[in-house]
Amino acid sequence: MAPPGSTNGDGEQGIGSCRRELIFEDINIKQASTVECPLLSNEVSKLLELFVAYENDCNVKLVILKGNGRAFCAGGDVAAVVRDINGGDWRLGANFFSKEFILNYVMATYSKPQVSILNGIVMGGGAGASMHGRFRIATENSVFAMPETALGLFPDVGASYFLSRLPGFFGNSSCPLFICVRLRSMLPIRSQTQFFGVPFPSAGEYVGLTGARLDGAEMLACGLATHFVLSK
């Protein structure tokens, strides 16, 4: 394991970063490991390496992921991928997404509890690094979104899996309350159960197609978060 407080020291900064370094802590009393996670390419590689190593380490009982600052993780380093593509090199972007998707799969099939403390922005790749885990703790500071559609991309990082399994449909009694109120307030009364004769999509479809932002209470209501606690 990496020693407490070790960093990668590469000095890179991506749009998904809250800090430039990835920090690992071993909490011996609780037998846990904490990983603060911006998602640059080398951080994805390191997270993947750690998750594989921790799964086989009997001293590690759970893995805790948290952010440092105003975001849990605002996504992957899309700016670097676009820059490389515009420079004629698509391979680095392909390699980044390949490693990121493998990390999502490892998290989704992990044998040990993953606890993600979502005290801040959770978008794109940040959702992929947390939603597949067993425990997802939202706070009053949480902001969730899958904004890929604004970039002309589909919701990736396994979002088509976890969004499609959210409960509830807009316009009926099983709809998550907060989202239902938000959407219905924008429509005339006669349109609040159907739109041009078609039933409203599920909460996951709506969030995935529109990139709508949800706060912590809405995340809990629709199942994206398993728990809600105040940050202080």
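How many helices and strands does the secondary structure of the protein chain come to? Colour the model by secondary structure and you should find eight helices and twelve strands. Helices here are DSSP runs of H or I with at least four residues, strands are runs of E with at least two, and both are numbered from the N terminus.

Before going further, a word on the model. It is a predicted one, in which local features need pLDDT of at least 70 and side-chain atom pairs count only at pLDDT 80 or more, while totals for chains, interfaces and linings use all residues. Residues are numbered from 1 along each chain as its sequence is written, and side-chain values use heavy atoms, with hydrogens and water left out.

**The whole chain**

Keep all 232 residues of the protein chain on screen: 47% of them count as buried. Buried means under 20% relative accessible area, exposed means over 50%, and partly exposed lies in between, with a 1.4 Å probe and protein chains only. Now think about contacts, meaning heavy atoms within 4.5 Å. Of the contacts in the protein chain with a separation of 6 or more, 61% are between residues 24 or more positions apart.

**First stop: α1 and α3**

Select residues 41-55 for helix α1 and residues 91-108 for helix α3; their axes come within 9 Å and cross at roughly 30°. The axes are lines fitted to C-alpha atoms, for helices over the stretch in contact, and angles run from 0 to 180 degrees between N-to-C directions. That angle makes α1 roughly parallel to α3; angles under 35 degrees count as roughly parallel, over 145 as roughly antiparallel, 65 to 115 as roughly perpendicular and the rest as oblique. The crossing of the two helices is left-handed, a term for a near helix turned anticlockwise from the far one by less than a right angle, with clockwise being right-handed.

Show side chains next. From α1, pick S41, V44, S45, L47, L48 and F51; they meet F96, K99, E100, I102, L103, V106 and M107 in α3. By class, this contact has nine nonpolar, two polar and two charged residues. Ala, Val, Leu, Ile, Met, Phe, Trp, Tyr, Cys and Pro count as nonpolar, Asp, Glu, Lys and Arg as charged, and the others, Gly among them, as polar.

Try two distances here. I102, in helix α3, is partly exposed at 42% relative accessibility, and its C-alpha lies 9.8 Å from that of S45, 57 residues apart in sequence. N42, in helix α1, is also partly exposed, at 25%, and the C-alpha atoms of N42 and K99 are separated by 9.7 Å.

**Second stop: the nonpolar core**

Which residues have the most contacts inside the largest nonpolar core? Select F51, M131, F144, F162, L163, M219 and L224; the core itself has 39 residues. A nonpolar core is a set of buried Ala, Val, Leu, Ile, Met, Phe, Trp, Tyr and Cys residues joined through side-chain atoms within 4.5 Å. Two or more residues come from each of α1, β3 (62-66), β4 (71-73), α3, α5 (159-162), α7 and α8 (216-222). The largest share, six residues, is from α1.

Centre on F144, in strand β8 (residues 143-145). Is F144 buried or exposed? It is buried, with a relative accessible area of 0%. Beyond four places in sequence, F144 touches V122, A127, M131, F162, V207, A212, R213, L214, M219 and L224. From there move to M131, which, with the neighbours up to four places away set aside, touches L118, V122, R136, F144, F162, M219 and L224.

**Third stop: I121**

I121 sits in strand β6 (residues 121-123) and counts as buried at 12% relative accessibility. Its C-alpha is 6.2 Å from that of F144, 23 residues apart along the chain. Leaving aside neighbours within four places in sequence, I121 is in contact with R70, A71, F72, C73, A74 and V143.

**Last stop: two positive phi values**

Go to the loop between β8 and α5 and select V157. Phi of V157 is near 50°, a positive value in a residue other than glycine, and V157 is buried, with a relative accessible area of 2%.

Finish at helix α7 (residues 203-210), where the buried residues are A203, G204, Y206, V207 and G208. Just after α7 comes G211, whose phi is positive, near 70°.
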